[in-house]
Amino acid sequence: MEQQYIDLYKEQQANVKMHSASPLNDLRDGSFALFERIGFPTIKLENYKYSDLKEPLSADYGLNINRIPIPVNPYEVFKCDVPGIKSFLYFVVNDGFYPVSDPRNNALPEGVIVGSLKEVGKSHPDLIARYLGKLSAKKEDGLVAFNGAFAQDGFFMYVPKNVVLDRPVQLVNIMRSDVDFMANSHNLVILEEGAKAQLLVCDHTVDDVKFLCNRVTEVFVGENATYEHYKLENTNTKTTNLSTLLMQQLASSTVLANVITLHNGITRNTIEIALDGQHCETTLCGMVIGDKNQKVDNFTSILHNQPNCNSKELFKYVLDDMSVGGFTGKLFVAKDAQKTAAFQTNRNILLSKMARMNTKPQLEIYADDVKCSHGATVGQLDEIAKFYLQSRGISEKEARLLLMFAFTNDVIENIRIEALQDRIKLLVEKRLRGELSKCEGCVICQ
Amino acid sequence: MLEIKKLHASINGKEILKGLSLSVKPGEVHAIMGPNGAGKSTLASVLSGNQNYEVTNGEVSFYGKDLLSLPPEDRSREGVFLSFQYPVEIPGVSMTNFMRTAVNEHRKYKNLDPISASDFLKMMREKKELVELDNKLANRSVNEGFSGGEKKRNEIFQMAMLDPRLSILDETDSGLDIDALRIVASGVNKLRRSDNATIVITHYQRLLDYIVPDFIHVLYNGRIVKTGGKELALELEEKGYDWIKKEIDG
Ligand SMILES: Nc1ncnc2c1ncn2[C@@H]1O[C@H](COP(=O)(O)OP(=O)(O)OP(=O)(O)O)[C@@H](O)[C@H]1O
Ligand SMILES: [Mg+2]
């Protein structure tokens with residue numbers, strides 16, 4: 001399985017590098033050597049025991065190493081921006097940053113840089129070199145190493161000191177291809193001290209072929225900075241979405257990350273947030289609605305490396321048919337990280353006998369003066385509540401919907417962009433009703 | 001309107017109702033009293049369609065319809081309302097959304113269009129006033145964090161919203177302070193009409209001072225063993241149930 005990619009790399013590395021954002025080349029050979037050594041992750045690894053990637057990784061995908069432009073104009077086909085949301089809108093088509101910028105993006109505040117790694121690599125090489133790979137390069141993770149070997153471009157965002165973005169930045173990943181296709185991209189987000197920004201990442205597929213996306217995102221949140229990261233996944237059942245989000249928080253920074261999987265094939269999210277300064281606030285949420293044969297595994301780690309930080313984690317799954325969910329909540333509290341407060345909750349509803357949920361808290365606490373709690377439940381809908389609703393004239397179907405919707409409510413409340421929250425409520429409701437939750441008037445999402 | 005004939009019902013294989021019969025006509029108020037565990041809540045549950053109870057024999061007709069063959073939601077839409085002895089907390093479902101859904105489902109059953117937003121708000125306001133339900137409560141999740149008395153008040157609020165033909169109030173008075181009791185009872189009285197009826201399940205004569213019954217039934221060991229006028233409540237208050245138990249058990 002790995003061999004074909006090892007051969008490919010050896011044969012094509014000159015082309016890979018020639019067409020790549022140059023800062024990514026500095027890490028490339030090291031990543032490749034690591035990949036050659038450890039290969040793709042398998043379920044034998046503790047961290048991947050709920051993610052069986054053998055099948056999607058063995059499929060034969062095309063790669064676009066020579067960066068041949070993809071004939072699609074996202075502005076024409078993409079009509080699904082959240083109504084009412086005023087965002088700075090950017091597209092990545094497959095693994096390339098779409099070069100034509102929306103004129104509204106000219107309103108970005110002075111000093112903010114948003115663009116492709118390739119372009120910004122030319123204009124601000126030092127800035128990128130200071131951050132790129134600092135969180136990813138040493139990860140003993142086959143997917144990250146593979147990404148390091150093959151990723152050629154990605155999304156870049158920089159918010160300078162004390163600059164506040166008054167609307168969210170929206171990054172839409174669109175997969176478009178006539179043949180089974182693999183995309184690797186590396187994104188980099190930097191918030192300097194006191195900066196404030198929200199990033200909304202949407203994953204969509206246009207074509208009905210097998211896609212494999214392997215994306216690595218590094219986020220650096222400076223002192224006193226505030227960052228919100230939303231990820232909305234709404235793709236087709238043939239898509240395998242492998243995403244690694246690595247974040248670092250410095251002192252007194254605040255982060256909210258909310259990852260929502262509404263529709264997909266196979267999803268693996270690895271999320272790691274390192275609290276590397278005191279007085280950080282972290283909220284990590286997620287929600288999964290799965291049916292058919294969908295598989296979603298969220299592997300999360302919150303690393304309390306410094307004292308006096310608070311973290312809160314909340315993941316909820318609604319699984320129907322034969323869908324399978326996985327959740328790991330790793331909580332690490334370093335020896336000196338006293339006065340840590342960390343709370344973790346994972347609640348799951350199984351709507352069918354065949355649906356399965358694997359959930360695992362993984363606590364490694366080396367400090368003694370801490371407040372930590374975790375709880376996980378797997379259950380069915382509350383029959384007594386359902387009867388109460390029915391006894392007021394509400395049909396069983398509608399009662400189930402109300403209860404499922406209520407179940408996801410506290411995750412949705414952790415969306416602090418009002419228009420997005422409204423939109424997601426609508427999409428979730430449609431999804432729970434069994435309607436495809438594609439955005440209205442949108443020809444792009446399947 | 002309601003004819004219960006020789007109703008037998010069991011839960012987990014244990015027979016609780018053992019041939020209960022009762023007839024209720026429009027405009028009437030019936031009180032059901034009886035010792036703990038007699039089967040009063042069981043009767044209410046069976047009438048409202050709780051699937052945990054199995055009806056093994058007997059029949060129930062409501063305006064000529066076979067009530068027992070209807071799912072719980074259709075019983076409600078036909079006009080049967082149960083004020084629960086233990087109202088259920090449903091976090092994440094707002095009272096407003098709950099009531100709007102319920103009202104619209106009732107309307108759909110009658111082939112009516114969904115209620116307009118302004119009519120709905122007006123209706124909510126009026127009915128809240130009827131039971132003096134705090135605005136704050138109406139903005140919260142269904143019963144979540146409500147006190148015992150607030151939950152009971154909320155039941156009567158829901159009753160007012162759905163305008164049932166038959167209301168079954170299962171110990172709606174328990175947990176109410178004296179003022180709340182008066183408010184709830186006066187709410188119930190305001191909703192009384194010649195074309196609807198009420199079954200009040202209670203342990204206390206006090207409630208019946210406010211909601212004056214036409215009949216009082218004593219339910220014991222799964223059957224109605226005694227029926228009388230409102231003076232029966234005073235007698236029970238004074239003497240307890242032992243004399244009735246003796247009469248029945250021999
Ligand atoms: N799940 C159950 N399994 C077995 N027995 C049950 C179950 N639920 C109720 N019962 C029994 O059924 C009997 C009748 O209960 P019910 O709640 O109808 O009584 P009640 O007359 O309403 O009493 P109270 O005045 O205390 O409210 C009781 O003996 C109770 O223990
Ligand atoms: Mg009872």
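How many residues of chain A are in contact with chain B, and how many of chain B with chain A? In this predicted model, 17 residues of chain A contact 27 residues of chain B.

**View 1. The interface of chain A and chain B.** About 1800 Å² is buried between the two chains, and carbon and sulfur atoms give 67% of that area. On the chain A side, A:Phe387, A:Tyr388 and A:Arg392 lose the most area to chain B, together 43% of what that side buries.

**View 2. Salt bridge and polar contacts between chain A and chain B.** The interface holds 1 salt bridge. It joins the side chains of A:Arg392 and B:Glu155, with an N to O distance of 2.7 Å. Polar contact is found for 14 residue pairs across the interface, both residues being at pLDDT 80 or more. On the side of chain A that touches chain B, helix 8 (383–390) and helix 9 (396–412) are the elements that give two or more residues. That side has 9 nonpolar, 5 polar and 3 charged residues.

**View 3. The magnesium ion (ligand 2) and its protein donors in chain B.** The donor atoms are OG of B:Ser41 and OE1 of B:Gln85, at 2.0 to 2.2 Å from the ion. The two residues are 44 residues apart and link distant parts of the chain: B:Ser41 lies in helix 1 (residues 40–48) of chain B, and B:Gln85 in the loop between strand 6 (80–83) and strand 7 (90–94). B:Ser41 counts as partly exposed because its relative accessibility is 25%, whereas B:Gln85 is buried, with a relative accessible area of 17%, under the 20% cut-off.

Definitions and conventions. Residues are numbered from 1 along each chain as its sequence is written. Chains are lettered from A and ligands numbered from 1 in the order in which they are written. This is a predicted model: local features need pLDDT of at least 70, side-chain atom pairs count only at pLDDT 80 or more; totals for chains, interfaces and linings use all residues. Side-chain values use heavy atoms; hydrogens and water are left out. Contact means heavy atoms within 4.5 Å. Buried area is the accessible area (1.4 Å probe) that two parts lose on being put together, summed over both. A salt bridge is a side-chain nitrogen of Lys or Arg within 4 Å of a carboxyl oxygen of Asp or Glu. A polar contact is a pair of N or O atoms within 3.5 Å; within protein, one must be able to donate a hydrogen and the other to accept it, and residues adjacent in sequence count only if both atoms are side-chain atoms. Helices (H or I, at least four residues) and strands (E, at least two) are DSSP runs, numbered from the N terminus. Ala, Val, Leu, Ile, Met, Phe, Trp, Tyr, Cys and Pro count as nonpolar, Asp, Glu, Lys and Arg as charged, and the others, Gly among them, as polar. Donors are N, O and S atoms within 2.8 Å of the metal (3.2 Å for Na, K and Ca); water is not among the atoms, so sites may look incomplete. Buried means under 20% relative accessible area, exposed over 50%, partly exposed in between (1.4 Å probe, protein chains only).
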